Amino acid sequence: MELRTINTFLHIAELHSFSQAARELGYSQSAVSAQIAQLEAELEAPLFDRVGRTVRLTDAGQTFLSYARTLLATAQQAKAALQPEQQISGTLRVALADSVCSAFLPGLLGQYHARCPQVELVLRTATADEMIRLLSTNQVDLAYTLDQPLLLSSITRAVNQPEPVCFVAPAGHPLAAQETVTLEELAGQEFLLTERGMSYRDALDQCLAARRLTVEPYLELGSASLLCQMVEQGMGLSFLPEYIVRPALAAGTLARLNVPECQVQMYRQLFYHRDKWLTPQMKVFIELVALSATYGGSSPSSPLSHCFAMPAPPKGEPLAGRVTDAD
């Protein structure tokens, strides 16, 4: 049983296609078919059902999948242990929630590039459900989101930082002068909110529904940072993670409303698939995110709380990486 054959099997299982796996691995399709035929003969069991253009794992293939991941990961770890220590290189693929991306990413990238200048970062925004799918198909290495605690047996959480979500109004808004604000009072206000389906928007809707109230925003937008700016300009109220609005609260351009009936807390979570081998580049990213959680959004050496402006890298040394939107 050869490692390259196991690697081919994993690619087909993830891509559901012999031809796509062949292209990605640089093999001919006939070579890929021959490898799988040899593997099935050695295991004495069919691993894939091939019906037309559809390729799916058989029950035997599903059973072998976790063993294949373990075998390949163990081989990679053994190879790494025998190599002399050298600068970390390669690729790191991360899926991120929009609010985490806009608030923490710039400073985090600056720190990461300083530690791992030879690593290419491939970033994409995604919902929590999309992140789980991307991890399970090995299309990303890490996922960084803001959500309710994700308690799934298939994932390992490396960071789990509580983050409050709050109501905000423009500075000088009449409700900002009140010691407390009721949900009934808020229901009559103009709101700008994140899209339905986002974690803290769902929590708000559930809180209102429990009191038979609704808020109909006149604008829904996926970007929490843009919503914050619009509220600063007096366009309405919003419900946003505290780390998004913290700079505006400190500057006095926003006011936080005290709404005892609706206290919502989400969790900033960094996680990976349980069967994933932790590469050196993954370990550094996890370490930096954990530091940001430990120090309340900033590390001792480089404040992440002021990460909206990141110094440019030295001339002639561009920051490696690319960013893509979610599918």
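**Close-up 1: S199 and its link to L146.** In this predicted model, the side chain of S199 reaches out to the backbone oxygen of L146, and the gap is 2.9 Å. You'll find S199 in helix α8, which covers residues 199-209. With a relative accessible area of 13%, S199 is buried, because anything under 20% falls in that class. Setting aside neighbours within four places in sequence, S199 is in contact with L146, D147 and M266. One of these partners comes from well along the chain: M266 sits 67 residues from S199, yet their C-alpha atoms are separated by 7.9 Å.

**Close-up 2: T194, in the loop that leads to α8.** Here we look at the loop between β7 (192-193) and α8, where T194 is found. Is T194 buried or exposed? T194 counts as buried, at 1% relative accessibility. And what does T194 touch, once neighbours within four places in sequence are left aside? The list runs to Y200, R201, E220, L221, L227 and L240. Of these, Y200 and R201 have numbers that fall within the 199-209 stretch of α8.

**Close-up 3: R212, just out in the loop after α8.** Moving on from α8, the loop between α8 and β8 (219-220) holds R212. The backbone has a quirk here: R212 is not a glycine, but its phi is positive, at about 60°. R212 is exposed, with a relative accessible area of 81%, so it passes the 50% cut-off for that class.

**Close-up 4: N138, another positive phi.** This view shows the loop between α6 (128-136) and β5 (142-147), which is the place of N138. Phi of N138 is near 55°, a positive value in a residue other than glycine. How much of N138 can be reached from outside? Its relative accessibility is 26%, so N138 counts as partly exposed.

**Close-up 5: P164 and its far-off partners.** Strand β6 spans residues 155-170, and P164 lies in it. P164 is partly exposed, with a relative accessible area of 25%. Not counting residues up to four places away in sequence, P164 touches P241, E242, R256, V264 and Q265. Y267 is also worth finding in this view: P164 and Y267 are 103 residues apart in sequence, but 8.2 Å apart in space, C-alpha to C-alpha.

**Close-up 6: helix α9 alongside helix α10.** Two packed helices are described by the angle between their axes and the distance between the axes. For α9 (residues 224-232) and α10 (residues 242-251), the axes come within 9 Å and cross at roughly 30°. That angle is under 35 degrees, so α9 is roughly parallel to α10. The crossing of α9 past α10 is right-handed. Which residues make the contact? On the α9 side they are A224, S225, C228 and E232, while α10 brings I244, V245 and A248. Sorted by type, the residues of this contact split into five nonpolar, one polar and one charged.

**Zooming out: the whole chain behind the close-ups.** The protein chain has 11 helices and 12 strands. Of its 327 residues, 43% count as buried. Looking at contacts in the chain with a separation of 6 or more, 75% are between residues 24 or more positions apart. The S199–M266 pair, 67 residues apart along the chain, gives you one example of residues far apart in sequence with C-alpha atoms separated by 7.9 Å.

Definitions and conventions. Residues are numbered from 1 along each chain as its sequence is written. This is a predicted model: local features need pLDDT of at least 70, side-chain atom pairs count only at pLDDT 80 or more; totals for chains, interfaces and linings use all residues. Side-chain values use heavy atoms; hydrogens and water are left out. Axes are lines fitted to C-alpha atoms, for helices over the stretch in contact, and angles run from 0 to 180 degrees between N-to-C directions. Helices (H or I, at least four residues) and strands (E, at least two) are DSSP runs, numbered from the N terminus. Angles under 35 degrees count as roughly parallel, over 145 as roughly antiparallel, 65 to 115 as roughly perpendicular and the rest as oblique. A crossing is left-handed if the near helix is turned anticlockwise from the far one by less than a right angle, and right-handed if clockwise. Contact means heavy atoms within 4.5 Å. Ala, Val, Leu, Ile, Met, Phe, Trp, Tyr, Cys and Pro count as nonpolar, Asp, Glu, Lys and Arg as charged, and the others, Gly among them, as polar. Buried means under 20% relative accessible area, exposed over 50%, partly exposed in between (1.4 Å probe, protein chains only). A polar contact is a pair of N or O atoms within 3.5 Å; within protein, one must be able to donate a hydrogen and the other to accept it, and residues adjacent in sequence count only if both atoms are side-chain atoms.
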